[in-house]
Amino acid sequence: MLFRSFRFKVTVLFVLLMLLSGFIGNFFVYEYSLRSQMNQLRDKLMIIAQLIAKNVDAKELLEIPLNNDGIDTPQYKRIERELNKIRDIVPSIVFIYIMEKTQKECIFKFIIDLHPGGSKEEPATAKPGEEYDCALYPEMMKAFSGPSADKGIVKDKWGIFLSGYAPIKDDEGKAVAILGIDMSARDVYDMQKEVKKRALLV
């Protein structure tokens, strides 16, 4: 009887250790899956931003006056049409915008900013020339040197997003502006939920 009791306890302990090791292993797999998924999303956003940026005519872009009349210029409207076509192809993109540097540190100026609802009723959420403080967004500031993406979801006055950036270069290869694209945080959270479901199932 004593032997059976001891064997039972050892068996229970062994089973508990197996469950614990399984739980710990699953937790690390879950964390790895989340990180991997975020890195894949960041890479995707950088690639998309870079492809879009290469199709923007830098010379035409710099002809847009940075004031309220800028959105009525032929240059603005033509670039806007092209950007909207791309956004229609990639529905996960909510915002597309183009900004340039200013003389002020960490302050950029909008050149183009597309509204997620389209360009007919509300052509822009930020008018050309409107300033944007990017001090809290280091990846955005890096975009003049090359493609980049936020390391996690960020928040500003327009919402909560995961964003990617790429430089817009002139004929001499100089970055004259950056293009940014925003993916809704809701889409990111939905993808993360799928990872959580699989982890819970395991």
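This passage describes the fold, the nonpolar cores and the salt bridges of a predicted protein model.

Residues are numbered from 1 along each chain as its sequence is written, and side-chain values rest on heavy atoms, with hydrogens and water left out. Because the model is predicted, local features require a pLDDT of at least 70 and side-chain atom pairs count only at pLDDT 80 or more, whereas totals for chains, interfaces and linings use all residues.

The protein contains five helices and seven strands, where helices (H or I, at least four residues) and strands (E, at least two) are DSSP runs numbered from the N terminus. From the N terminus on, the order of the elements is α-α-α-β-β-β-α-β-β-β-β-α. The average pLDDT, the predictor's confidence in each residue on a scale from 0 to 100, is 81, and 79% of the residues score at least 70. Among the elements, strand β2 (residues 107–113) has the highest mean value, 95, and helix α5 (residues 185–201) the lowest, 60. Over residues 118–124 the pLDDT is below 50, although this stretch has 13 contacts in the model beyond near neighbours in sequence; a contact means heavy atoms within 4.5 Å. Where pLDDT is low, predicted coordinates should not be read in detail.

Of the 202 residues, 43% are buried; buried denotes under 20% relative accessible area, exposed over 50%, and partly exposed the range in between (1.4 Å probe, protein chains only). The protein exposes about 12500 Å², of which carbon and sulfur atoms supply 58%, with areas obtained by the Shrake-Rupley method with a 1.4 Å probe and, for residues, only the protein chains shown counted as cover. Among contacts between residues at least 6 apart in sequence, 58% join residues at least 24 apart.

The largest nonpolar core (a set of buried Ala, Val, Leu, Ile, Met, Phe, Trp, Tyr and Cys residues joined through side-chain atoms within 4.5 Å) comprises 30 residues, and the members touching the most others are Leu 61, Leu 83, Ile 98, Ile 112, Ile 168, Leu 179 and Ile 181. At least two residues each come from α1 (2–54), α2, α3, β1 (93–101), β2, β6 (159–169) and β7 (175–184). Helix α1 provides the largest share, seven residues. Apart from this core lies another, of 15 residues, including Met 99, Phe 110, Cys 134 and Met 140. Leaving aside residues up to four places away in sequence, Ile 181 touches several residues, among them Leu 45, Ile 48, Phe 95, Tyr 97 and Leu 162.

Four salt bridges are present, each defined by a side-chain nitrogen of Lys or Arg within 4 Å of a carboxyl oxygen of Asp or Glu. In one of them, Glu 60 pairs with Arg 78, with the closest N and O atoms 2.7 Å apart. Glu 60 lies in helix α2 (residues 58–62) and Arg 78 in helix α3 (residues 74–89), so this pair ties together parts 18 residues apart in sequence. Glu 60 is buried at 14% relative accessible area, whereas Arg 78 is partly exposed at 33%.

Within helix α3, Lys 85 and Glu 82 are three residues apart, and therefore separated by about one helical turn; the closest N and O atoms of their salt bridge are 3.5 Å apart. Lys 85 is partly exposed at 48% relative accessibility, as is Glu 82 at 35%. In helix α4 (residues 138–142), Lys 142 and Glu 139 are likewise separated by about one helical turn, and their salt bridge has a closest N and O distance of 3.2 Å. Lys 142 is partly exposed, at 43%, whereas Glu 139 is buried, at 9%.
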